[in-house]
Amino acid sequence: MSEVDQPVKSQLTLLREQSDVLEQSRKAWLEDSLRGSPLWKLNYAVSDIGHLLATLDEPEAIKQGKRWGKLQQKLSEGIAWLRTIDLLRDSLNESDLNKIASAVARLSSKPVSKCHKLMAKPEWVRIRRWWFGYLESIPPRDPAEVLTIAMTERAEHRFLKLRNRVLKHDNDKDWLKLEDATGELKAILLLHVASNRGYQVRVGLLSDIESHLRLWRQSHARQPLLKLLSETPEVDDRRRLADSIAEIRLQERLSAHRRKERVRKLLIKPSDD
């Protein structure tokens, strides 16, 4: 049996798989909460859950999607700080890291503490209760019976509208919306691939676009935090250290630009390497 002929997993199966990613990522972060990568992975498992819930197109699924969206909003600043700290740890020597430690702790304390609270057992038990209770209530369904032409057309229209907007105006808010629209359309087409080989090719393309957009978002989120850090007395009073932070910020700006350029190329000429 070829890959395209294999049966498509149901939304319930895919939601359970992403729930496992959530659990593993949370556990990995609690074991080493100085690293941001596990929470970054958890955040995008939440995004994937939201896109899958949208394919169910019913009120309770929409409610659950909004709940996950609120969790993402609460975690977002803390994750951005943790990923920025990861970058600083990889970019600076131990002496410089010690010099900025108090400034980083002061700036990141509140948002990172919020992450700790949300990932702690009491809050996570509450989240698990409403989430797994919902999963138990979903009846087994063939994706083909749930997906409608109208749903697919809406997702296509939103993606194409934002594609045209980012290519014409280059507004960061539109780029952020494009990331969400890409994930939404990918989730729908992924559930269609058994019946259409062309969808499999498009899913691969959308996955590439989404991956670059996620990395662009990361660089985009780090830049203002690096600017805040550069304005603290611990950095501003040390010229060489200030120059090092400025260089890291420049590299993040260049990285964000490269990601955008790669996405533009995929949007305009998707068959090119």
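**Loops, packed helices and buried side chains**

Asp 170 is partly exposed, with a relative accessible area of 36%. The model you are looking at is predicted. Start at this residue and look along the backbone. Asp 170 sits in the loop between helix 7 (149-169) and helix 8. Its phi angle is near 55°. That value is positive, and Asp 170 is a residue other than glycine.

Now move to Asp 57. Where is Asp 57 found? It lies in the loop between helix 2 (37-56) and helix 3. Phi of Asp 57 is near 50°, again a positive value in a residue other than glycine. How accessible is Asp 57? Its relative accessibility is 43%. Asp 57 counts as partly exposed because this value falls between the cut-offs of 20% and 50%.

Next come the helices. Two packed helices are described by the angle between their axes and the distance between the axes. Keep both numbers in mind for each pair.

Take helix 3 (residues 59-91) and helix 4 (residues 94-119) to begin with. They pack at an angle of about 150°, and their axes are 8 Å apart. Helix 3 is therefore roughly antiparallel to helix 4, since the angle is over 145 degrees. The crossing of helix 3 and helix 4 is left-handed. Which residues make the contact? From helix 3 they include Leu 71, Leu 75, Ile 79, Trp 81, Leu 82 and Ile 85. Helix 4 brings, among them, Leu 97, Ile 100, Val 104, Leu 107, Pro 111 and Val 112. Charged side chains take part too, including Lys 74, Glu 77 and Arg 89 of helix 3 and Lys 114 of helix 4. Sorted by class, the contact of helix 3 with helix 4 has 16 nonpolar, two polar and four charged residues.

Helix 4 also packs with helix 1 (residues 11-31). Here the angle is about 125°, with the axes 11 Å apart. Helix 1 and helix 4 are therefore oblique to each other. Their crossing is left-handed. Arg 26, Trp 29 and Leu 30 of helix 1 make the contact with Cys 115, His 116 and Met 119 of helix 4. By class, the residues of this contact divide into four nonpolar, one polar and one charged. Cys 115 and Met 119 appear in the contact with helix 3 and in the contact with helix 1.

Turn to helix 2 and helix 8. Their axes come within 9 Å and cross at roughly 55°. That angle makes helix 2 oblique to helix 8. Which hand does the crossing of helix 2 and helix 8 have, left or right? It is right-handed. On the helix 2 side, the residues are Tyr 44, His 51, Leu 52 and Thr 55. They meet Glu 179, Asp 180, Gly 183, Glu 184, Ala 187 and Ile 188 in helix 8. The contact of helix 2 with helix 8 divides into four nonpolar, three polar and three charged residues.

Helix 2 also holds Ser 47. Is Ser 47 buried or exposed? It is buried, because its relative accessible area of 13% is under 20%. Ser 47 touches Gln 72 and Arg 214, not counting residues up to four places away in sequence. With Gln 72 there is a side-chain link: a polar contact of 2.8 Å.

His 192 is another buried residue, with a relative accessible area of 18%. It belongs to the loop between helix 8 (172-190) and helix 9 (197-230). Leaving aside its neighbours within four places in sequence, His 192 is in contact with Leu 147, Thr 152 and Tyr 199. The side chains of His 192 and Thr 152 make a polar contact of 3.3 Å.

Finish at Leu 266, in helix 11 (residues 239-268). Leu 266 is buried, with a relative accessible area of 3%. Beyond its neighbours within four places in sequence, Leu 266 is in contact with Leu 205, Asp 208, Ile 209 and His 212. How far is Leu 266 from Lys 114? Their C-alpha atoms are separated by 37 Å. Along the chain, these two residues are 152 residues apart. Lys 114 is one of the helix 4 residues in the contact with helix 3.

Methods: Residues are numbered from 1 along each chain as its sequence is written. This is a predicted model: local features need pLDDT of at least 70, side-chain atom pairs count only at pLDDT 80 or more; totals for chains, interfaces and linings use all residues. Side-chain values use heavy atoms; hydrogens and water are left out. Helices (H or I, at least four residues) and strands (E, at least two) are DSSP runs, numbered from the N terminus. Buried means under 20% relative accessible area, exposed over 50%, partly exposed in between (1.4 Å probe, protein chains only). A polar contact is a pair of N or O atoms within 3.5 Å; within protein, one must be able to donate a hydrogen and the other to accept it, and residues adjacent in sequence count only if both atoms are side-chain atoms. Contact means heavy atoms within 4.5 Å. Axes are lines fitted to C-alpha atoms, for helices over the stretch in contact, and angles run from 0 to 180 degrees between N-to-C directions. Angles under 35 degrees count as roughly parallel, over 145 as roughly antiparallel, 65 to 115 as roughly perpendicular and the rest as oblique. A crossing is left-handed if the near helix is turned anticlockwise from the far one by less than a right angle, and right-handed if clockwise.
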